[in-house]
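Open the model in your viewer and show side chains as sticks. We will make a few stops, selecting as we go.

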Amino acid sequence: MTTDTRKIGYSILLILSGMLVLSACTPRVASIISEEGFVTSDADPAAIISGIPFYNAEIHTIDGRARARVSGPDYSDQATVSFTSDRQQSLLAIRNNLGIEGGRIYTDRDSVIIYDRIEQYAWKMSVEKSQEILLNGFAAFNLLDFLIPEIHAGQVERVYQNDELWLLVLDDNRRFFIERRSGKITGITIPASNPSAFNRFLFSAHAGISGVDLPRRIQILSNDEKSNIFLLLQSLETNPSNPSFEINIPDGTPIERR
């Protein structure tokens, strides 16, 4: 990462989070996802997947708000994140504790647009480039993809089990940890070669949200386990009638392409 790129990344992170330092109240790291203790299973992947609570919910779009705490080796911040996501695009709006919106991030499958409302400046880049400079790539994630992931039995290459969980290994090397008793997804890992990339998702405090049993607490860990994001869902609507993905960049705002 060049000095110029690193400077942009930290500038965006600090502006959007509101520079709210959490020196003594950073949440404790939860148990790391581990594959130890699992044995090969001959269970039917289709039966396991059909037991996931949102399997038949047909959720295509979500709209909501969450409290976020972010911590890493050299930063620790918090913010409120409003989000709208469907299967193709996502919009995040980040506010500080005073309710002041610092910026917005729009993502589709090909590109990311970041708008800094404080400095009245914007950046547009590929998803791959955003993973280099913006919070280890987290902002390029579509929240619907990990809150309500699409899983098909034909994607499952291997099934493992222990006393409490199923472990499904997919053909793209994603791993899903599923509670055997309830069918709730408790963890997801996605392949990542970058040690600082966020690639581990832990889910807890499941509750009925818009008629679907979904997690209210999400912890996201970096590949090297040195950085954490904690999300507490405050509200969530599924399949809203008029979702908006407008980033609302004023005319004349400079847009730098990276």
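**Stop 1: a buried threonine**

Select Thr84 and Asp63: their side chains are joined by a polar contact of 2.6 Å. Keep in mind that this is a predicted model. Thr84 sits in strand 3, residues 75–86. Is Thr84 buried or exposed? Thr84 counts as buried because its relative accessible area is 8%, and the cut-off is under 20%. Now show the neighbours. Beyond residues up to four places away in sequence, Thr84 touches Ile62, Asp63, Gln89, Ser90, Leu91, Pro243, Ser244 and Phe245.

**Stop 2: strand 6**

Select residues 111–116, which form strand 6. Six of its six residues are buried. Look along the strand. Ser111, Ile113 and Tyr115 point one way, while Val112, Ile114 and Asp116 point the other way. In a regular strand, side chains alternate between the two faces of the sheet.

**Stop 3: the partners on either side**

Add strand 5, residues 101–108. Strand 5 runs antiparallel to strand 6, and five bridges join the two. A hairpin through two residues links them. Next, add strand 7, residues 121–126. Six bridges join strand 7 to strand 6, again antiparallel. Centre on Tyr115. Which residue stands opposite Tyr115 in strand 7? That residue is Ala122. In strand 5, Arg104 stands opposite Tyr115.

**Stop 4: the loop and a surface patch**

Move to the hairpin of strand 6 and strand 7, with four residues between the strands. Here Gln120 takes a positive phi near 55°. Ile118 lies in this loop too. Finish by showing the surface and selecting Leu98, Ile100 and Ile118: together they make a nonpolar patch of about 330 Å².

Methods
Residues are numbered from 1 along each chain as its sequence is written. This is a predicted model: local features need pLDDT of at least 70, side-chain atom pairs count only at pLDDT 80 or more; totals for chains, interfaces and linings use all residues. Side-chain values use heavy atoms; hydrogens and water are left out. Patches are made of residues with over 30% relative accessible area and no salt bridge: like charges are joined within 9 Å, nonpolar side chains (Val, Leu, Ile, Met, Phe, Trp, Tyr) within 5 Å. Accessible areas come from the Shrake-Rupley method with a 1.4 Å probe; for residues, only the protein chains shown count as cover. A salt bridge is a side-chain nitrogen of Lys or Arg within 4 Å of a carboxyl oxygen of Asp or Glu. Buried means under 20% relative accessible area, exposed over 50%, partly exposed in between (1.4 Å probe, protein chains only). A polar contact is a pair of N or O atoms within 3.5 Å; within protein, one must be able to donate a hydrogen and the other to accept it, and residues adjacent in sequence count only if both atoms are side-chain atoms. Contact means heavy atoms within 4.5 Å. Two strands pair if DSSP finds at least two bridges between them.
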